[in-house]
Amino acid sequence: MAKLTINDNHELNRIEPEIYGHFSEHLGRCIYEGLYVGENSDIPNVNGMRSDVVEALKEMQIPMLRWPGGCFADEYHWKDGIGEKSKRKKMINTHWGGVIEDNSFGTHEYFELCRQLGCKTYVNGNVGSGTVAEMSEWVEYMTFKGVSPMADLRKENGHEEAWTVDFFGVGNENWGCGGHMTPEYYGNEYRRYQTYVRNYDPDHPIKKVCGGPNVDDYHWTEGVLKTCFDHLPEDYHGSMDYLSLHYYTHPEGWIEKGSATEFDEETWYKTLKKTLWMETLIKNHSAIIDQYDPDKKIGLSVDEWGTWFTVEPGTNPGFLYQQNTLRDALVAGINLNIFNKHSDRVRMACIAQMVNVLQSVILTEGPKMVKTPTYHVFHMYRHHQGAMLLDSALTGVNETGIGEWQVPEITESVSRKDGIITITLNNLSTKDSKELDVILTGKDSYELVEANIVTSDDIHTYNTFEEPEKLTEEKLSGVSVNKNTLKVTLPAASVVEIRIK
Ligand code: AHR
């Protein structure tokens, strides 16, 4: 019998809300069409931001939004994206389809979007093709309250008040599209660039993100940290708040990644097995970080993750547009449970990208919008944001799968906020439902608050613009609570949230 034991007398650490963060890049139809349609659009908008998308993201409780890239960030020159729109310099978006970027969405528009969303800001700076002065001036432009050349320029451009930059990325993937640097070279560049990311607002110090490894590149993690930490004063920690980690799930190879919607059962398990590897990556990179930062002052920021499939047939290959099925819901549920479980070190994460690109929570087509299965998982899991992780463990859980692609039948994580315990569970099996007993050790009896589920009889189910609600969050019936024991049957291929008090 599968059993989940929750020691609810034992709170481990806070699950930072930013683990549920998102990523918006100037890539395909993410920014333009997906988020920003301009003030003169027929699509309902507020200051150019489409209202349907903003409303949906607020309902999902988006805590933080990273911008402007990705690879785009290391080619982005922020001064091209301010001032009178018609006069803004155009550029070629060399990474993503070679299209002309007209810079009509720039710094002011990003902060307006975050204002409407009510979320924290994560701006990614340009190390690859930018200068220290450019980065330093951007920070002054955004955050300096007094009289200064950049603050005055911001005011001339219509924004009197300084904005709050919560997180600032010092380059992106500098081992690859961000400059093809060696870890030691980047480590030195990080030290130099971050020095000039000044904290002008003592009430809101900017948290700095150092560019971390690609997948299992432990050499990068070691090389960057060694370079940054050697011979430095004790207070060096203040200059690096996060180290990033990027890992995407693509079931087949890097070139032919596999279809988002057409896959067999073996590929289902292969996808989930590859997703589960995230835990190993976090453990191994954390072990290296522990050597430099045993007190865990530096957070791991998994600021690019999610599925990456072959683009939807008939769409621009440079736009990376893909559909999103029940399989993506499981990928989201598994990853988020892993992040929760390791939230002593993982303090931030961004699924890529929020709208119309890889594992998006929202897809749009003209005035139409659909919430993907991944959206519904984020909506259910929102209760973990800012909650305390509880000590929990599964027993009696076997492996399931096909051939070499064996995965645990269930994954879980548990937290408590405002006296309510949230349990999130995934049944990874394509066919078998699973009975689970949940035993709580904190008090004699509990009562059910709510139980929700994302599932379907067909693992390929996805939402279309014609049928936007084929797969949504539904109420889960049949959960019984008797004293300190809860019984639930997890349907095959499901993501479940149970809340009790
Ligand atoms: O998400 C697409 C790209 O993947 C990002 O721009 C880049 O950072 C990563 O390689």
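The lining of the largest cavity in this predicted model is made up of 3 nonpolar, 7 polar and 3 charged residues. The cavity that these residues enclose has a volume of about 60 Å³. Of the 13 residues in its lining, Arg66, Gly171, Asn172, Gly211 and Ser244 lie nearest the centre. Three strands, β8 (120-124), β10 (207-210) and β11 (242-249), each give two or more residues to this lining.

Rolling a probe the size of a water molecule over the atoms shows where empty space is left. A search of the whole structure in this way turns up 2 cavities of 30 Å³ or more. The second largest cavity holds about 40 Å³ of space. Readers who wish to find it on the model can look for Tyr76, Trp78, Asn126, Glu134, Met135 and Trp138, which line it. Here the lining divides into 4 nonpolar residues, 1 polar and 1 charged, whereas the lining of the largest cavity has 3 nonpolar, 7 polar and 3 charged residues.

Two individual residues also deserve a visit, beginning with serine 415. This serine is found in strand β19, which covers residues 410-417. Serine 415 counts as buried because its relative accessibility is 1%, below the 20% limit for that class. Its side chain is joined to that of histidine 384 by a polar contact of 2.7 Å. Leaving aside residues up to four places away in sequence, serine 415 touches His383, His384, Ala387, Met388, Leu389 and Leu390, and also Ile420, Ile421 and Thr422. Ile15 is another of the residues that serine 415 touches.

The other residue is alanine 492, which is placed in a loop rather than a strand: the loop runs between β25 (485-490) and β26 (494-500). Is this loop residue buried or exposed? Alanine 492 has a relative accessible area of 15%, so it falls under the 20% limit and is buried. A partner from elsewhere in the chain is serine 433, 59 residues apart from alanine 492 along the sequence, yet the C-alpha atoms of the two are separated by 4.4 Å. Serine 433 is also among the residues that alanine 492 touches, once those up to four places away in sequence are set aside. The other residues touched by alanine 492 are Asn427, Ser429, Thr430, Lys431, Asp432 and Thr455.

Technical notes. Residues numbered from 1 in each chain as written. Predicted model: local features only at pLDDT ≥ 70, side-chain atom pairs only at ≥ 80, totals over all residues. Heavy atoms only, no water. Helix = DSSP H or I, 4+ residues; strand = E, 2+ residues; numbered from the N terminus. Buried < 20%, exposed > 50% of the residue type's maximum accessible area, 1.4 Å probe, protein only. Contact = heavy atoms within 4.5 Å. 1 Å grid on protein atoms, 1.4 Å probe; cavity = no way out; pocket = protein on both sides within 12 Å on 5 of 7 lines; lining within 4 Å. Points joined across faces, edges and corners; volume = space filled by probe spheres on them. Nonpolar A, V, L, I, M, F, W, Y, C, P; charged D, E, K, R; others polar. Polar contact = N/O pair within 3.5 Å; in protein donor to acceptor, adjacent residues only side chain to side chain.
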